[in-house]
Amino acid sequence: SASRRTRVFFALWPAPAIARRLHREGERAHATTGGRRMRRDTLHLTLAFIGDMPRERLEDLLACADKVDFAPFALVVDRIAAWRHNHIVWAGASVQPPELESLVSQLNAALADAGFPVERRKFSAHVTLLRNARGELPASDIDPPIEWSVRTFALIESDLAQDGAHYTVLKFWPAAG
Ligand code: 2AM
C-alpha cells in the first residue's frame, strides 16, 4: 500500500516442518480451550515488537539488526501453557538458551540507541498458538519436544486484516558461522 506507516517486529520464523508441529499442538489445545487458532504460516516467536512507525524509519531499523552478532542455536520447544490475562495459549521452552537471551538483548540495545521503543517487561519467549482461549489449560509437556534449529532471525511487517494479521518477512539475518 502507499501507507507512510508500517507495523513491524523482529521474530524467529520457523521452517515449515517446525511450524507444522507447532500448529498441531495448537489443534490439540484447542479441543480444551477453544479460541482462534493462528494460521500455520503465521506462527513465530517475537524477539522485539516495535509496532506502528513511519516507513521512512525502516532503514534505521535494518541498521539495528545489522549490528547483531549471533550464533546458531537449538531451541527446544517442550511445553504448552495458557496465560489467563490475555487468553493466549502458547508454546515455549523450559530452557532459555543464552544465545536467545543475547539475541534479544543485542536487538533491544540497538533499538534503544536508535530511539525505537523498547519493551520494558522481561522477555518471555513464546509462540502464540491460540487467541481468545477460555477455561483452564494446565501447563503440559510437548512430547517429543520440537527441536527448532535457529539459524536466522527476521523483520516482519504486520498488516491487520479482518481475518487476523497478515505477515510479510521483510528481511532475514543469518547467524554467523
Ligand atoms: P503475542 O503473540 O503474545 O500477542 C505481532 O503482534 C507479534 O508481536 C505477536 O507475537 C505479539 O505477541 C507480539 N507483541 C509483543 N508486544 C506487542 C504489543 N505491545 N502489541 C502487539 N503485539 C505485540
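This talk walks through the two sheets of the structure above, the helices on them, and a few single residues.

First, the ground rules. Residues are numbered from 1 along each chain as its sequence is written. This is a predicted model, where local features need pLDDT of at least 70 and side-chain atom pairs count only at pLDDT 80 or more, while totals for chains, interfaces and linings use all residues.

Some terms before the tour. Helices (H or I, at least four residues) and strands (E, at least two) are DSSP runs, numbered from the N terminus. Two strands count as paired if DSSP finds at least two bridges between them. In general, strands of a sheet pair through backbone hydrogen bonds, either parallel or antiparallel.

I will begin with the sheet of 5 strands. It is open, its order is 2-6-5-4-7, and the pairing is antiparallel. At the edges are strand 2 (36-37) and strand 7 (140-150), each of which pairs on one side only. Strand 7 is joined to strand 4 (residues 73-83) by 7 bridges, again in the antiparallel sense. One position to look up there is R79, whose bridge partner in strand 7 is D141.

Helix 1 (residues 16-33) lies across strand 2, strand 4, strand 5 (88-92), strand 6 (127-131) and strand 7. The angle between helix 1 and strand 6 is about 35 degrees. Axes here are lines fitted to C-alpha atoms, for helices over the stretch in contact, and angles run from 0 to 180 degrees between N-to-C directions. Contact means that the C-beta atoms of two residues, placed from the backbone, lie within 7 Å.

Strand 6 also holds L129. Is L129 buried or exposed? L129 is buried, as 27 other C-beta atoms lie within 10 Å. The cut-offs are 20 or more other C-beta atoms within 10 Å for buried, 12 or fewer for exposed, and anything in between for partly exposed, with C-beta atoms placed from the backbone. Leaving aside neighbours within four places in sequence, the contacts of L129 include L22, E25, G26 and A29, and also V89, W90 and A91. By contrast, E101 is 28 residues from L129 along the chain, and their C-alpha atoms are separated by 22 Å.

Now the other sheet. This one is an open sheet of 4 strands in the order 3-1-8-9, with antiparallel pairing. Strand 3 and strand 9 stand at its edges with a single partner strand each, so one side of each has no neighbour in the sheet. From one strand to the next, the twist averages 25 degrees.

Strand 1 (residues 5-12) pairs with strand 3 over 8 bridges in the antiparallel sense, and the bridge partner of L12 in strand 3 is L45. Helix 2 (residues 58-66) packs on this sheet, touching strand 1, strand 3, strand 8 and strand 9, and its direction makes about 10 degrees with that of strand 1. Helix 3 lies across strand 1, strand 3 and strand 8, at about 15 degrees to strand 3.

At the other end of the order, strand 8 (residues 152-161) and strand 9 (residues 164-174) run antiparallel and are joined by 10 bridges. They form a hairpin with 2 residues between them. Within it, I156 has V169 as its bridge partner in strand 9.

F116 sits in the loop between helix 3 and strand 6. With 19 C-beta neighbours inside 10 Å, F116 counts as partly exposed. Apart from residues within four places in sequence, F116 is in contact with I50, L61 and L111.

Next, the annotated positions. Which residues does UniProt mark as "active site"? The unreviewed entry places that feature at H44 and H126. They span 83 residues in sequence, yet no two of their C-alpha atoms are more than 8.3 Å apart, so they gather at one spot. UniProt positions follow the numbering used here, feature names are shortened, and annotations may be inferred rather than shown by experiment.

H44 is in the loop between strand 2 and strand 3 (45-54). H44 counts as buried, with 21 C-beta neighbours inside 10 Å. Not counting residues up to four places away in sequence, H44 touches A11, L12, W13, V127 and I156.

H126 lies in the loop between helix 3 (98-113) and strand 6. H126 counts as partly exposed, with 19 C-beta neighbours inside 10 Å. With the same exclusion of residues up to four places away, H126 touches L45, W90, A91 and G92.
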